[in-house]
Amino acid sequence: MKKIIIIGASSGIGMRVATDFARLGWRVGIAARREEQLKSLKEKYPDRVEYMTIDVTAQDAVDRFYKLIELIDGMDYLLYAAGCGWRNPDLDNAVDDQTVLVNVYGFTRIINAAYKYYKQTASLHRGHIAAITSVAGVKGIGISAAYSASKRYQWTYLQAIDQLAHQQHVNVSVTDIRPGFVDTALLNGHKYPMEMSVNYVAPRLESAMLRGKRVAVIDSRWAVVTVLWRMIPDALWRRIEFVDY
């Protein structure tokens, strides 16, 4: 029986993916700060789901992560789906601090812990580290500076972990999943172009992860957009305004 840990499973994409794998008969370990939603999924699939409340920014996050692995007796896949981000054109320090804490500090600690786990255990059966980042990492976005920068950090960190695994002969694959705008609480009620539903994104994310893709942009429209964004010179990029509808 396959086993997956999902960090950030109390809502949105993380909750949907957790539900999908529980339905498939996998052992699923779910974690987030909010217990109520985790407990609800556990009650639906009592023999398949275990949960642990984890705040990725707290000092005990790694210890609790390892305890969750023990609860489901192993980890074939990790999906890091936790994240936060806001429109912050006024550069409010409290907002940016929280973004960096979750998307950089918390992200790094959990990815590191997963890598170390696989380094010790993934000799015969390959381990998998997957994380939901964002197309926002392509370029700095003025109204969401900390968010876009944190996503670029995640891109680079996952690339580095993939290289490290190759150099250290650790049997683990790394998948960087980069969605465009997804209709979740992360958008804070704003509407954006080419916005996608969780039901649309989740199966594409799952397929990319199970196939072990190194980088997966969801979807093809956003793959084209990100290529075009890269081609825009900085002098022109600075004039582009991101507005909602």
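## Working through a predicted model

Arg 23 counts as exposed, with a relative accessibility of 56%. Keep in mind that this is a predicted model. Here are a few exercises to get you going.

**Exercise 1. Find the salt-bridge partner of Arg 23, and work out whether that partner is buried or exposed**.

*Step 1.* Look for the contact: the side chains of Arg 23 and Asp 20 meet in a salt bridge, at 3.9 Å from N to O.

*Step 2.* Place the pair. Both Arg 23 and Asp 20 sit in helix 1, three residues apart, which is about one turn of the helix. An α-helix has 3.6 residues a turn, so residues three or four places apart point the same way.

*Step 3.* Check the cover. Buried means under 20% relative accessible area. Asp 20 has 11% relative accessibility, so Asp 20 counts as buried.

**Exercise 2. Describe the salt bridge between Arg 221 and Asp 219, then name the residues that shared partners join into one network**.

*Step 1.* The closest N and O atoms of Arg 221 and Asp 219 are 3.0 Å apart.

*Step 2.* Arg 221 is partly exposed at 35% relative accessible area, whereas Asp 219 is buried at 7%.

*Step 3.* For the network, go to Arg 16, Asp 20 and Arg 23, which are joined by salt bridges that share partners. The whole structure has eight salt bridges.

**Exercise 3. Work out which residues of helix 2 are buried and what they pack against**.

*Step 1.* Helix 2 covers residues 35-44, and its Leu 38, Leu 41 and Lys 42 are buried. They span an arc of only 105 degrees around the axis, so they end up on the same side of helix 2.

*Step 2.* Now see what those buried residues touch: they pack against helix 1 (12-23), strand 2 (27-32) and strand 3 (49-53).

*Step 3.* Flip to the face turned away from the buried side, and you'll meet the exposed residues Glu 36, Glu 43 and Lys 44.

*Step 4.* Go back to Lys 42 for one more detail. Lys 42 forms a salt bridge with Glu 50, with the closest N and O atoms 3.2 Å apart. Both Lys 42 and Glu 50 are buried.

**Exercise 4. Find the nonpolar surface patch that includes Met 231**.

*Step 1.* Start at Met 231, which lies in helix 7 (residues 220-231).

*Step 2.* Exposed means over 50% relative accessible area. Met 231 has 61%, so Met 231 is exposed.

*Step 3.* Add the other members: Val 224, Val 227 and Leu 228 form the patch with Met 231, and together they have about 400 Å² of accessible area.

Notes: Residues numbered from 1 in each chain as written. Predicted model: local features only at pLDDT ≥ 70, side-chain atom pairs only at ≥ 80, totals over all residues. Heavy atoms only, no water. Patch = residues over 30% accessible without salt bridge, like charges linked within 9 Å, V, L, I, M, F, W, Y side chains within 5 Å. Areas by Shrake-Rupley, 256 points an atom, 1.4 Å probe, with all protein chains shown as cover. Salt bridge = Lys/Arg side-chain N within 4 Å of Asp/Glu carboxyl O. Helix = DSSP H or I, 4+ residues; strand = E, 2+ residues; numbered from the N terminus. Buried < 20%, exposed > 50% of the residue type's maximum accessible area, 1.4 Å probe, protein only. Arc of directions from axis to C-beta. Contact = heavy atoms within 4.5 Å.
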